[in-house]
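User: Could you take me through one part of this model in detail? I would like to see how a single strand sits among its partners, and then how the rest is arranged around that picture.

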Amino acid sequence: MLILVAVFFSWSVIEVTNGSSTSVRYGLPLFSGLPPEAQAAVKTFESSPPPNGTSEVVNGILVVNMTAVQNATFSDVFKPNFIKATPGEPIVIILNSPQVITGFFIRLPDGVVNVNAIPGTPSYVYFLAPNQPGNYTWREPELAGYDFSYMTGTLEVV
């Protein structure tokens with residue numbers, strides 16, 4: 001049994017270090033888990049951020065720098081709390097949380113996107129916008145504070 005555990009752990013370390021696995025632990029994606037074209041888009045975005053500092057299309061990929069900040073109203077925890085995308089557009093979200101363990105959960109027609117972020121360490125998530133136009137609500141999946149279930153945002157696909 002110990003041999004199986006050692007083999008599994010070694011295999012996991014190899015996958016994480018070469019970028020073929022997206023996480024060290026479930027729900028905490030690393031930069032190395034992004035596809036190469038998404039990594040290039042994030043590097044370009046971070047080297048010359050847009051004037052608004054939150055989102056920009058880089059080489060056909062929408063890069064969104066999102067910060068989850070706890071506040072007194074809980075109505076605007078996610079900054080930005082609105083993302084506009086075109087059907088099938090690749091999206092990279094850089095999720096930052098300066099205060100508490102937080103997350104990003106959105107149910108799309110093709111599946112669920114769920115990512116966690118710990119304070120001080122950005123998490124990266126890559127997905128394609130749904131092909132069906134509409135509004136998709138993301139939520140705070142972690143028990144991050146009072147009324148955490150009201151911590152939401154919207155992905156609008158037009």
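Analyst: Happy to. Let us start with β2, which is mostly covered, with 6 of its 8 residues buried. Buried here means under 20% relative accessible area, exposed means over 50%, and partly exposed lies in between, with a 1.4 Å probe and protein chains only. Strands are DSSP runs of E with at least two residues, helices are runs of H or I with at least four, and both are numbered from the N terminus.

Before going further, a word on the basis: this is a predicted model, where local features need pLDDT of at least 70 and side-chain atom pairs count only at pLDDT 80 or more, while totals for chains, interfaces and linings use all residues. Residues are numbered from 1 along each chain as its sequence is written, and side-chain values use heavy atoms, with hydrogens and water left out.

Now the partners of β2. Two strands pair if DSSP finds at least two bridges between them. β1 and β2 run antiparallel and are joined by 4 bridges; one pairing to look for is Val-58 with its bridge partner Ile-61 in β2. The link to strand β5 (residues 90-96) is parallel, with 6 bridges, and there Asn-65 has Ile-94 as its bridge partner. β3 pairs with β2 in the antiparallel sense over 2 bridges, where Ala-68 is matched by Phe-78.

The turn into β2 deserves a look too. Asn-59 lies in the loop between β1 (55-58) and β2 (61-68), and this hairpin has 2 residues between its strands. The phi of Asn-59 is near 50 degrees, a positive value in a residue other than glycine. Most residues other than glycine have a negative phi, and most peptide bonds are trans. Asn-59 counts as exposed because its relative accessibility is 66%.

The peptide bond between Lys-79 and Pro-80 is cis, with omega about 0 degrees. Pro-80 sits in the loop between β3 (78-79) and β4.

From β4 we reach another part of the fold: an open sheet of 5 strands in the order β4-β10-β9-β6-β7, with mixed pairing. Its edge strands are β4 and β7 (111-117), each pairing on one side only. From one strand to the next, the twist averages 20 degrees; strand axes are lines fitted to C-alpha atoms, and angles run from 0 to 180 degrees between N-to-C directions. Strand β4 (residues 82-85) pairs with β10 in the parallel sense over 4 bridges, with Thr-154 as the bridge partner of Phe-82. On the other pairing, β9 (residues 134-139) and β10 are antiparallel over 6 bridges, and Asn-135 stands opposite Glu-156. Strand β6 (residues 102-108) joins β9 in the antiparallel sense over 2 bridges, where Phe-105 stands opposite Arg-139.

Side chains alternate along β10 (residues 152-157): Gly-153, Leu-155 and Val-157 point to one face and are buried, whereas Thr-152, Thr-154 and Glu-156 point to the other and are not.

Stepping back to the chain, its secondary structure comes to 2 helices and 10 strands, and from the N terminus the elements run α-α-β-β-β-β-β-β-β-β-β-β. Of the 158 residues, 36% are buried. Residues 24 or more positions apart account for 55% of the contacts with a separation of 6 or more, where a contact means heavy atoms within 4.5 Å.
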